[in-house]
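Me: Could you take me carefully through a single part of this model, beginning with its sheet and moving on to what packs around it?

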Amino acid sequence: MTPGEPLIRWDWIVRNLDVIGQRVGEHLVLTGLAVGIGFVISFVLSIWIARKPRLYALVTWITGILYTIPSLALFALLIPVTGLSLLTAEIGLVGYTLLILIRNIVGGIRSVPADVREAAIGMGYTERQLLWRVELPLALSVIIAGVRVATVTTIGLTTVTALIGQGGLGYFILEGIQRFFSTPLIVGATLSVLLAVLVDAALVLLQRQLTPWARATS
Amino acid sequence: MADRSPGHDALLTTGGRGATVELRDVSKQFGPAVKGTAGAVNNLSIEVPPGEICVLVGPSGCGKTTTLKMVNRLVEPTSGQVLIDGQDVQRIEVTALRRRIGYVIQQTGLFPHQTIGRNVATVPRLLGWPEERIRARVDELLRLIGLEPERVRDRYPSQLSGGERQRVGVARAMAAEPPVMLMDEPFGAVDPIVRERLQNEFLRLHRRLGTTVLLVTHDIDEAIKMGTRVAVMQQGGHLAQYAPPAELLTHPASEFVADFVGADRGLKRLSLMTVDDVELGRAATARLGEPVGAARARAGTASWILLLDADGRPEGWLSVGQLREDREITSELADPSSPIFTHETTLREAISRLLATAVQTGVVVDENGRYEGTLSLETVGAALRASAAESTNGAAVPSGAEPATERAQ
């Protein structure tokens, strides 16, 4: 940091408001894409493996390894194959959501009480009706809890994708580090945290809307 | 019935009337045919006539729940057949079969994410009933089980008491008027007082609906109370005895059944019999305002006279020795402590009330409260011995074994 420079230069922020807005937008798109694609993959996979314990173990093992690879290393590994592209960024980001989402979707489905399942089957629900009308609605709070963790994690991780030129709030952080200029660094970090908190709160509201029975008390 | 959706089995659509359920030589082995596995069933044959309540009772692991689940094919038998009105359930498409069989389980299995109205509507919805018909049926059922539709319809199961949830479970099972209902420990999860009430309610409901019921319990008292027929099962899935409850108590088929129904089976039989089954005694009676002399003459050698009011309702007992010749009889002279019974009072209750009071004789009245006769420990004992003798002589069914639904509770 340059000596004598204030921690935050508000004039810089005012001058760059449009760029900041643009980066926030990019950040949201990158995150949304990652969680969206990750959710679709996890959902399909989870429904397939929810009742197959050995397959489930295998899938969590693989996604668990994926989860432990440091993000910088992963991008470095991918660049020779997919280049400095959106694809590279998303492969990484999606990869990190899988473990969390699959665990929560499968866990949610498995958490449906045995008596509820038995009653549904005993009354003549087909497998599909059981899944869509009973198991998934009841798994919803656990599933959304997973989506929250995955989203917050991805918002943080997306700052790294600036390294491969995909924009987002990481761009400011990178800029701040490279220019020894604290203002963009603080703006990038703060907005990233703020975004995570806001999106998380929105998801909590969504969950409350979707699971009215959880709030019902006598 | 109006409902004739495609794939709907005509034979199963008996519209509220019970169907015959027959298990023919049914066996179920779990795993690689290990003998004596918990829940296994061995060559079981029972026939349940339409409208009867067949209770499957036995110690845990005797295969009673397995037997029940073979009717709606939650468990497929290893061998043997299950027939509903003569039709093999294996030949009926499994979801269509289950939608025509009511199913109640101990933990209720209500859907926590659906309102009570939605829960009750489950099977009608699966059958594709029109919305208005479903709505009307839901309200009708909620009223039938004693819950106000306006109060509970839009609530969630977690907002109801255990007893209410249990009732909703029964209503949900009855929603599409199934000819057969399967109940697995339906009253097991509630406290004894609520259980007793739910049992009585269900018997009343059953009398109206005439559904054929198969009910599983481990509680022999519940079996005797609820069943018109009781199938006692023992470990290894063997049928130990299949008989009306009274016969089970008077003539247990084996040592196992005798042990299972308990050494107090004489007492248990008392709860199957009512005052109606007893030859009532006669007491000397006196009317209010009558001169003592006339009453005393009628008493003969008896030391007590029953005082009746102008309408023939009992006022109490008069001690002949204490009556003064020169006076009229007033109600203050009568001792009212004697218990009053109606025709519907069970002998179990009658005896327990007789034992609790100092007097040996209870008074039996008709539905208007008028004196009909007397009942004492001796007359009950005689009736008990007579009914036991009757079933020994091969008489069809002792009087106490009329369908449980006819019994007063």
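Reply: What follows describes one sheet and the helices beside it. The model is predicted, so local features need pLDDT of at least 70 and side-chain atom pairs pLDDT 80 or more, while totals for chains, interfaces and linings use all residues. Residues are numbered from 1 along each chain as written, chains are lettered from A and ligands numbered from 1 in the order written, and side-chain values use heavy atoms, without hydrogens or water.

In chain B, 6 strands form an open sheet with mixed pairing, in the order β6-β7-β8-β3-β9-β10 (strands are DSSP runs of E, at least two residues, and helices of H or I, at least four; strands pair through at least two DSSP bridges). Its edges are β6 (101-105) and β10 (238-243) of chain B, each pairing on one side only, and the twist averages 15 degrees from one strand to the next. Strand β9 (residues 229-234) of chain B runs antiparallel to β10(B), joined by 5 bridges, and here Gln234(B) stands opposite His238(B).

Helix α7 (residues 162-174) of chain B lies across β6 and β7 (180-184), at about 165 degrees to β6(B) (contact means heavy atoms within 4.5 Å; angles, from 0 to 180 degrees, compare N-to-C directions of axes fitted to C-alpha atoms). Helix α8 (residues 192-209) of chain B lies across β3 (53-57), β7 and β8 (212-217), at about 140 degrees to β3(B).

From helix α8 of chain B, Glu196(B) reaches Lys225(B) in helix α9 (residues 220-226), 29 residues apart, in a salt bridge of 3.3 Å, N to O (Lys or Arg side-chain nitrogen within 4 Å of an Asp or Glu carboxyl oxygen). Lys225(B) is buried at 12% relative accessibility, whereas Glu196(B), at 42%, is partly exposed (buried is under 20%, exposed over 50%, partly exposed in between, with a 1.4 Å probe and protein chains only).
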